[in-house]
Amino acid sequence: MGSGPVLALVGATGAVGSMMIDIMDGRESFPWGEVRLVASPRSAGRALTVRGQEIMVRALAPEVFDGVDVAMFDVPDEVSARWAPIAAAHGAVAVDNSGAFRMDDAVPLVVPEVNPHQMTERPRGIIANPNCTTLSMMAAIGALHHEFGLRELVVASYQAASGAGQSGIDRLYAEAAAVGGKQVGLRAGDVREALEAAGLSQSDSPFPAPLAFNVVPWAGSLKEDGWASEELKVRNESRKILGIPDLKVSATCVRVPVITTHSLAVHATFAEPVTVAAAREIFQGHPSVLLVDDPANGVFPTPADTVGADPTVVGRIRQALDFPNTLDFFVCGDNLRKGAALNTYEIAEALAPEFTG
Ligand SMILES: NC(=O)c1ccc[n+]([C@@H]2O[C@H](COP(=O)([O-])OP(=O)(O)OC[C@H]3O[C@@H](n4cnc5c(N)ncnc54)[C@H](OP(=O)(O)O)[C@@H]3O)[C@@H](O)[C@H]2O)c1
């Protein structure tokens, strides 16, 4: 590709990895001299095109990191846990999208719009990318926190199937095809029956219940006292990114039959008095937030209108009626773009000048 630092994309064949290639293709300036694509041995030898150039996918092995400056990891937690330190030992900065290092005190958790200064403090040579649910609201929350001082955050998420990776996307399409055109949802259990009749066993699904024609109040694995892992991630990661260790957070994470773009209903309480007008002004001047808020004319954010967009889309901003210093609003963020690939790529891009001779 030319002179410049070397970038590796580990997990190039997955849902986030594919989006990463799309983001690289769309970038106006491209600081990298070489891009290496890496995945499991299943994908080795497959050719993918990046910025018009065919690149052969390599199987993950220590030598793929020889000479690499920045390595982006879009792989399952256990693969990152093992291989990001190997990349760092080869001299690369690993930017990891998995959950393996997010709460490690020696690993910064970075959203470039909110805490870019933390990128330089990386004693393990690893920088973590937040989970997609937290990220989908963080540009908007961070901007308000900067002005009014966030104290409490209560959120309900409406999460897309692609948050569970390529298998989540495939499952929702298969379920939609199996029930499509049928009169289902009128009787308890008939969605499950339609899926079974089409050969879609629940035990093969990445979701714990049918997702087509349904909503599923669960994301992640079971943690203490009935919390789902995704709900605890929203709490812990928001505290770390915003630098508020005692921030009060309560989240309920719900999966909805949407392919891509997470939405969140946010109830945010601040130390300082806050008005709808002031929040609108902040969002209007923010490069990563798009204000879409004219309910009188049926204009508000929806996942279907947000998918593919880089900014966090915010609307339905209201002053909470019974809670002082509190705003309620709705945000939509493409979980595969800003919620994953874009944020990781923005971190990598910010690191590139360190390796430009
Ligand atoms: N989906 C989201 O909204 C989202 C958002 C934020 C963060 N994340 C995180 O990003 C990571 C990737 O998620 P995804 O949704 O893209 O998953 P995915 O669609 O399942 O893709 C997984 C990728 O990892 C590769 N991989 C799996 N096992 C491997 C191994 N042993 N060695 C080398 N490569 C291996 C796969 O390669 P093969 O194709 O060769 O199997 C594939 O490229 C996960 O940690 C996820 O939690 C996802």
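A crossing of two helices is called right-handed if the near helix is turned clockwise from the far one by less than a right angle. Keep that in mind for the last stop. One thing before we start: the model you have open is predicted.

**Stop 1: the ligand.** Click on the ligand and show what surrounds it. There are 27 residues around it, and T13, S40, R42, S43 and V75 come nearest. Try colouring this shell by residue type: you should get eleven nonpolar residues, 13 polar ones and three charged ones.

**Stop 2: the polar contacts.** Select R42 now. An N or O atom in the side chain of R42 sits 2.8 Å from an oxygen atom of the ligand. Next, pick G11, where a backbone N or O atom is 3.3 Å from a ligand oxygen. Then hop over to Q166: one of its polar backbone atoms is 3.1 Å from an oxygen atom of the ligand. How much of the ligand's accessible area does the protein cover? On its own the ligand has 910 Å², and the protein covers 79% of that.

**Stop 3: the helices.** Select 15–26, 77–89 and 337–351. These are α1, α2 and α9, the elements that each give two or more residues to the ligand's shell.

**Stop 4: α1 against α9.** Hide α2 and look at the other pair. The axes of α1 and α9 are 9 Å apart, and the helices pack at an angle of about 55°, which means α1 is oblique to α9. As for the opening definition, the crossing of α1 and α9 is right-handed.

How values were computed. Residues numbered from 1 in each chain as written. Predicted model: local features only at pLDDT ≥ 70, side-chain atom pairs only at ≥ 80, totals over all residues. Heavy atoms only, no water. Near = heavy atom within 4 Å. Polar contact = N/O pair within 3.5 Å; in protein donor to acceptor, adjacent residues only side chain to side chain. Areas by Shrake-Rupley, 256 points an atom, 1.4 Å probe, with all protein chains shown as cover. Helix = DSSP H or I, 4+ residues; strand = E, 2+ residues; numbered from the N terminus. Nonpolar A, V, L, I, M, F, W, Y, C, P; charged D, E, K, R; others polar. Axes fitted to C-alpha atoms, helices over the stretch in contact; angles between N-to-C directions. Parallel < 35°, antiparallel > 145°, perpendicular 65-115°, else oblique.
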